[in-house]
Amino acid sequence: MNDINAVKMLEFQQKGDERGHLVIVEGMNDIPFEIKRIFYIYGSDGDVIRGRHANRESEFVLINVSGTSKVKVCDGKGKEAVYSLDRPHTGIYLPRMIWKEMFDFSSDSVLLCLASTYYNAKEYIRDYDEFVQEVLGE
Ligand code: TYD
């Protein structure tokens, strides 16, 4: 079962002081998985749409550590939602088998992505119709 209701915004601990800000994200404590991989996306123009895929296995947390972007999520069964990533101490949790699109990147956007898996191209579904078929078959 894929569950779009499991998509949620997370707020992380901040330990700012007069020296600046520090935000803490611990695997299995602040996010619901152990972190196996991180990658980050920057330099995307404002009219670019990234993502456009679902993952059979991976869960993600996306954090705009600089700048802003938006994330659209779809469950393939008619439910969708758009979330804004606009504060460095918040992130969005994305469970497996949710179609996602990242867009509306600010010029200073640095989108940090935490993943529960090592990269495996075979667990990515990059065709929306194929995604819908797999969701209906689950
Ligand atoms: P892609 O999944 O298209 O990025 P996005 O989700 O932002 O649209 O990934 C871009 C390229 O990078 C693609 O060739 C796959 C490769 N890649 C890896 O090799 N390892 C990774 O962990 C990720 C996320 C992507």
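Biologist: How many disulfides does the structure hold?

Modeller: A disulfide needs two cysteine sulfur atoms within 2.5 Å. This is a predicted model, and it holds zero disulfides.

Biologist: Where is the nearest cysteine sulfur to Cys 74?

Modeller: That sulfur belongs to Cys 113, and it is 17 Å away. Cys 74 is in no disulfide. Seen from Cys 113, the closest cysteine sulfur is the one in Cys 74, and 17 Å is too far for a bond.

Biologist: Is Cys 74 buried or exposed? And is Cys 113 buried or exposed?

Modeller: Buried means under 20% relative accessible area. Cys 74 has 5%, so it is buried. Cys 113 has 1%, so it is buried too.

Biologist: Which residue is the bridge partner of Cys 74 in strand 10?

Modeller: Trp 99 is that partner.

Biologist: Let's turn to the sheet. What is the order of the strands in the open sheet?

Modeller: Read the order from one edge across to the other. Here five strands run 8-7-10-5-12, with antiparallel pairing. Strand 8 (80–85) and strand 12 are the edges. Each has a single partner strand, so one side of each has no neighbour in the sheet.

Biologist: How many bridges join strand 7 to strand 10? And how many join strand 5 to strand 10?

Modeller: Strand 7 (residues 69–74) is joined to strand 10 by five bridges. Strand 5 (residues 50–55) is joined to strand 10 by three. Both pairs run antiparallel.

Biologist: Which residues stand opposite Lys 100?

Modeller: Pick Lys 100 in strand 10 and look to each partner strand. His 53 stands opposite Lys 100. Val 73 stands opposite Lys 100 as well.

Biologist: Why is strand 10 largely enclosed by the rest of the structure?

Modeller: Count the buried residues. Strand 10 covers residues 99–103, and four of its five residues are buried, so the rest of the structure largely encloses it.

Biologist: Now the ligand. Which residues are around it?

Modeller: A residue joins this list if one of its heavy atoms lies within 4 Å of the ligand. The list is Arg 37, Phe 39, Ile 41, Arg 50, Gly 51, His 53, Tyr 119, Tyr 124 and Arg 126. By class, the shell has four nonpolar, two polar and three charged residues.

Biologist: How far is an oxygen atom of the ligand from an N or O atom in the side chain of Arg 37?

Modeller: For a polar contact, look for N or O atoms within 3.5 Å of each other. With the side chain of Arg 37, the distance to a ligand oxygen is 2.6 Å. For the side chain of Arg 50, it is 2.7 Å. For the side chain of His 53, it is also 2.7 Å.

Biologist: What share of the ligand's accessible area does the protein cover?

Modeller: On its own, the ligand has 520 Å² of accessible area, and the protein covers 61% of that. Two elements give two or more residues to the shell: strand 4 (37–42) and strand 5.

Biologist: One last residue. Where does Ser 116 lie?

Modeller: Ser 116 lies in the loop between strand 11 (110–115) and strand 12 (124–125). Loop residues can be checked for burial too. Ser 116 counts as buried, because its relative accessibility is 12%.

Biologist: What separates the C-alpha atoms of Ser 116 and Glu 34?

Modeller: Compare distance along the chain with distance in space. Ser 116 and Glu 34 are 82 residues apart along the chain, while their C-alpha atoms are separated by 5.9 Å.

Conventions: Residues are numbered from 1 along each chain as its sequence is written. This is a predicted model: local features need pLDDT of at least 70, side-chain atom pairs count only at pLDDT 80 or more; totals for chains, interfaces and linings use all residues. Side-chain values use heavy atoms; hydrogens and water are left out. Buried means under 20% relative accessible area, exposed over 50%, partly exposed in between (1.4 Å probe, protein chains only). Two strands pair if DSSP finds at least two bridges between them. A polar contact is a pair of N or O atoms within 3.5 Å; within protein, one must be able to donate a hydrogen and the other to accept it, and residues adjacent in sequence count only if both atoms are side-chain atoms. Accessible areas come from the Shrake-Rupley method with a 1.4 Å probe; for residues, only the protein chains shown count as cover. Ala, Val, Leu, Ile, Met, Phe, Trp, Tyr, Cys and Pro count as nonpolar, Asp, Glu, Lys and Arg as charged, and the others, Gly among them, as polar.
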